Amino acid sequence: TALRRFAAGLLAAAGLAGLPWLILPEVPEVEPSGDGRRDAKTMAMLVYRALTRHPRVTVLFARRPATTSESLRYLERGLAILAEPFPEIAERVYAFQTVFKLVLGHAMTHLSDATEGVDYAGLPAAEYPTLVGAADELAKLSVQRELEFGLDAMFDGFAARAKTGSECRES
C-alpha cells in the first residue's frame with residue numbers, strides 16, 4: 001500500500017531500513033552437531049530470545065524480507081542447518097520460513113500478554129466448561145514452552161514428511 005511504501009521510505013531516509021536485522025548479530029552461531037533437528041531448534045530458540053529482547057523491532061521483522069547482508073547470512077546458516085533433512089532447496093526454504101514465522105509469532109506475544117488478567121475460573125461454567133475446568137493450568141502456561149512444543153511438533157511433521165517422500169505441491 002501507499003502507506004507502507006511511505007513508512008518504508010521514512011525508515012530508509014532515517015537510515016533504519018535494515019534495523020530489524022541489526023539484532024541478528026546477537027544470535028550466537030550454532031555449531032553443527034550432526035543433528036539437524038536439534039541444531040535448527042537451538043537456532044530457533046536463540047532467535048526467539050533475541051527477538052524478545054527487542055519487542056518493538058520484532059514487528060518490523062514480519063514486514064521485511066531478508067535483504068541485508070546480516071539477514072542473508074542468517075538465512076544462509078538456517079538453510080545449511082536444514083540441508084540434511086531437506087535436500088531440495090524449495091522445501092528447505094519452506095521449512096525455514098515456517099519455523100521462522102512460528103518463532104516470530106511467539107516473540108510478538110511479548111508485545112502484549114493476551115492472557116494477562118483473564119479470569120478463566122470466573123467465566124460461566126455452563127458456557128465454557130473446558131476453560132473453567134482448566135483455569136489453574138491455564139494460569140501456569142508458558143509462551144516459551146508453547147514455542148518448544150510447536151517446534152517439536154513441527155519437526156515431527158517434517159520427519160514424517162521426509163519418511164513418506166511427500167513433495168510440496170501447488171494447491
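In this predicted model, the buried residues of helix α8 (buried meaning under 20% relative accessible area with a 1.4 Å probe, protein chains only) are Leu147, Glu148, Gly150, Leu151, Met154, Phe155 and Phe158. Seen down the axis of α8, these residues fall within an arc of 165°, taken from the directions from the helix axis to the C-beta atoms, so they line one face of the helix. The face turned away from that buried side carries Phe149, Lys163 and Thr164, which are exposed, that is, over 50% by the accessible-area criterion.

Helix α8 itself runs over residues 143-164 and reaches 32 Å from its first C-alpha to its last, close to the 32 Å expected at 1.5 Å a residue, where the expected span is 1.5 Å times one less than the number of residues. At its N-terminal end the helix is capped by Ser142, a side-chain oxygen of which lies 3.3 Å from the backbone nitrogen of Gln144.

The buried residues of α8 pack against α2 (36-52) and α5 (89-108), with contact meaning heavy atoms within 4.5 Å. Leu151, for example, touches Lys41, Ala44, Met45, Val99 and Leu102, when residues up to four places away in sequence are not counted. Leu151 is also among the residues that touch the most other members of the largest nonpolar core, which has 32 residues, together with Leu51, Phe61, Val99 and Val103. To this core α2, α3 (55-61), α4 (69-81), α5 and α8 each supply at least two residues.

Residues are numbered from 1 along each chain as its sequence is written. Local features need pLDDT of at least 70, side-chain atom pairs count only at pLDDT 80 or more, and totals for chains, interfaces and linings use all residues, while side-chain values use heavy atoms, leaving out hydrogens and water.

How values were computed. Helix = DSSP H or I, 4+ residues; strand = E, 2+ residues; numbered from the N terminus. Polar contact = N/O pair within 3.5 Å; in protein donor to acceptor, adjacent residues only side chain to side chain. Core = buried A, V, L, I, M, F, W, Y, C linked by side-chain atoms within 4.5 Å.
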